[in-house]
Amino acid sequence: MNLIGLDREPRSGALRLDGLTKRFAARGESVVAVDGVSLDIAPGEFITLLGPSGCGKTTTLRIVAGFERATAGGVYLDGVRIDAVPPQQRSMAMVFQSYALFPHMTVYENIAYGLRLRDHTKAEIAEAVKIALTSMNLVGKEHRHPHELAGGEQQRVALARAMVVQPKVLLFDEPLSNLDAKLRGAMRAEIRRAQHMLGITGLYVTHDQEEAMSMSDRIVVMHRGRIAQIGTPAEIYLRPASVFVADFIGRANFLEVPAEPDRGHAIVTAFGKKMAVPSHPDVTAHDTALLMIRPEVLSVAHASREGEGVILNRTFHGASVDYEIETAGGTVTAAVPAPHPAVLLTEGTPVTVTFAPDRAYVLPRR
Ligand SMILES: Nc1ncnc2c1ncn2[C@@H]1O[C@H](COP(=O)(O)OP(=O)(O)OP(=O)(O)O)[C@@H](O)[C@H]1O
């Protein structure tokens, strides 16, 4: 998208959060919403703040946008501290869950709004809006008002309006929560495509782990105002820094096992077999640790004699089947690709339970 205002240097948009802390006074009590958050975001990177309700992600985003002032710490854009810069002068644009479109303006006027506030000719604006309309698949809708559009279309207008002014940073506050699941999937891809094409840095807030995983270059998992882990989606999913992260990102079985550390691995016994499993560095000798096995990592097969477990329950999901299995180490869930109906295992079936050790992970119990 070749929009106007491409006068900024191509690799700008480096964002630094340095020890951000935010305290709110609520009913005579002090609430620490954000607690020493430090983060470096590279130009053009797409970062997601992910965490449960109340973990401080929205407050962090609002501080970056300038809607909220940090109690301590600072925000830097391309090395310049911007805490005192008003929101509209930060070279950032925000996309909200509620779309926040101007209801009395047409699609065209909504998208053109930010450009009209700047020094652009009518022809430049028309050209930029046309490109934005095309790229967001809104051609033919330019004369409609927001209430004449579907939710997904409204969000595309909001996105076009934010991008057309060529900000250095795009901020997203749960922008897809009001859309149905299928549309959400399509919009994730559209947001990523547009953000990548324009090379704009993206900071995205969500509590939806699947959304974070499918969109982000890196995910920042937050817990009680602090960063619990920063990493690529794969790092966070496969090598979580804590039980909290493992549990929050997707589903996980946790088996309590004695563990002996051994060069980045831990020697554990699971389902009657001794094995070396990749291990968190904080697992120490003689620890009782937690062996994390994602449900899709477990293989289940009918045992001709006594197996490692017995099927307690089966849930058919279409593409996969969940089996709840009682084992000596506790009840585990296995998610296996849906087989031919004749091969579905039934309750009470004795089964063997196996997994590839390098697809599991040992965490300290803490
Ligand atoms: N204006 C405010 N006054 C008092 N407390 C606030 C204010 N804004 C947020 N908080 C508190 O700060 C904490 C973090 O809130 P925040 O909205 O940042 O979390 P969140 O992770 O975005 O949650 P959600 O997904 O529910 O929006 C919460 O305990 C919240 O109640």
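Me: Two strands pair if DSSP finds at least two bridges between them. This is a predicted model, in which local features need pLDDT of at least 70, side-chain atom pairs count only at pLDDT 80 or more, and totals for chains, interfaces and linings use all residues. Residues are numbered from 1 along each chain as its sequence is written. So to start: which residue in β18 is the bridge partner of Ile325?

Reply: The names come from DSSP runs numbered from the N terminus, with helices (H or I) needing at least four residues and strands (E) at least two. Strand β17 (residues 320-327) runs antiparallel to β18, and eight bridges join the two. One of the partners in β18 is the one facing Ile325, namely Val332.

Me: How many helices and strands does the protein have?

Reply: For a sense of scale, the C-alpha atoms fill a box of roughly 80 × 50 × 45 Å, taken along the principal axes. The secondary structure in it comes to eight helices and 20 strands.

Me: What percentage of the 366 residues count as buried?

Reply: A residue is buried if 20 or more other C-beta atoms, placed from the backbone, lie within 10 Å of its own, exposed if 12 or fewer do, and partly exposed in between. Applied to the 366 residues of the protein, the share that counts as buried is 37%.

Me: How far apart do the C-alpha centres of domain 1 and domain 2 lie?

Reply: The bounds come from an automatic or database domain assignment. Domain 1 covers 15-238 and domain 2 covers 252-364. Between their C-alpha centres the distance is 39 Å.

Me: Among contacts between residues at least 6 apart in sequence, what percentage join residues at least 24 apart?

Reply: Two residues are in contact if their C-beta atoms, placed from the backbone, lie within 7 Å. Of the contacts in the protein between residues at least 6 apart in sequence, those joining residues at least 24 apart make up 67%.

Me: Which element supplies the largest share of the shell around the ligand?

Reply: There are 13 residues around the ligand, and Phe24, Ala33, Ser53, Thr58 and Thr59 come nearest (near means a C-beta atom, placed from the backbone, within 6 Å). At least two residues each are supplied by β1 (15-26), β2 (29-41) and α1 (57-65). The largest share, three residues, comes from α1.

Me: By class, how many residues of the shell around the ligand are charged?

Reply: Ala, Val, Leu, Ile, Met, Phe, Trp, Tyr, Cys and Pro count as nonpolar, Asp, Glu, Lys and Arg as charged, and the others, Gly among them, as polar. Sorted like this, the shell has five nonpolar and seven polar residues, and the number of charged ones is one.

Me: Which strands stand at the edges, each with a single partner strand, in the sheet that holds β15 and β18?

Reply: This open sheet of five strands has antiparallel pairing and the order β15-β19-β16-β17-β18. One side of each edge strand has no neighbour in the sheet, because each has a single partner; the two strands are β15 (299-302) and β18 (330-337).

Me: Which residue in the turn of the hairpin formed by β16 and β17 has a positive phi?

Reply: Strand β16 (residues 309-316) runs antiparallel to β17, joined by seven bridges. In β17, Phe316 has Val321 as its bridge partner. Three residues lie between the two strands of the hairpin, and the one in the turn with a positive phi of about 100 degrees is Gly318.

Me: What angle does the direction of helix α4 make with that of β6?

Reply: Six strands form an open sheet with mixed pairing, in the order β6-β7-β8-β3-β9-β10. Its twist averages 20 degrees from one strand to the next (axes are lines fitted to C-alpha atoms, for helices over the stretch in contact, and angles run from 0 to 180 degrees between N-to-C directions). Helix α4 (residues 151-164) packs on this sheet, touching β6 and β7 (169-173), and its direction makes with that of β6 an angle of about 175 degrees.

Me: How many other C-beta atoms lie within 10 Å of Asp78?

Reply: Most residues other than glycine have a negative phi. Asp78 is not a glycine, yet its phi is positive, about 50 degrees. Asp78 lies in the loop between β4 (72-77) and β5 (80-81). Asp78 counts as partly exposed, because the number of other C-beta atoms within 10 Å is 18.
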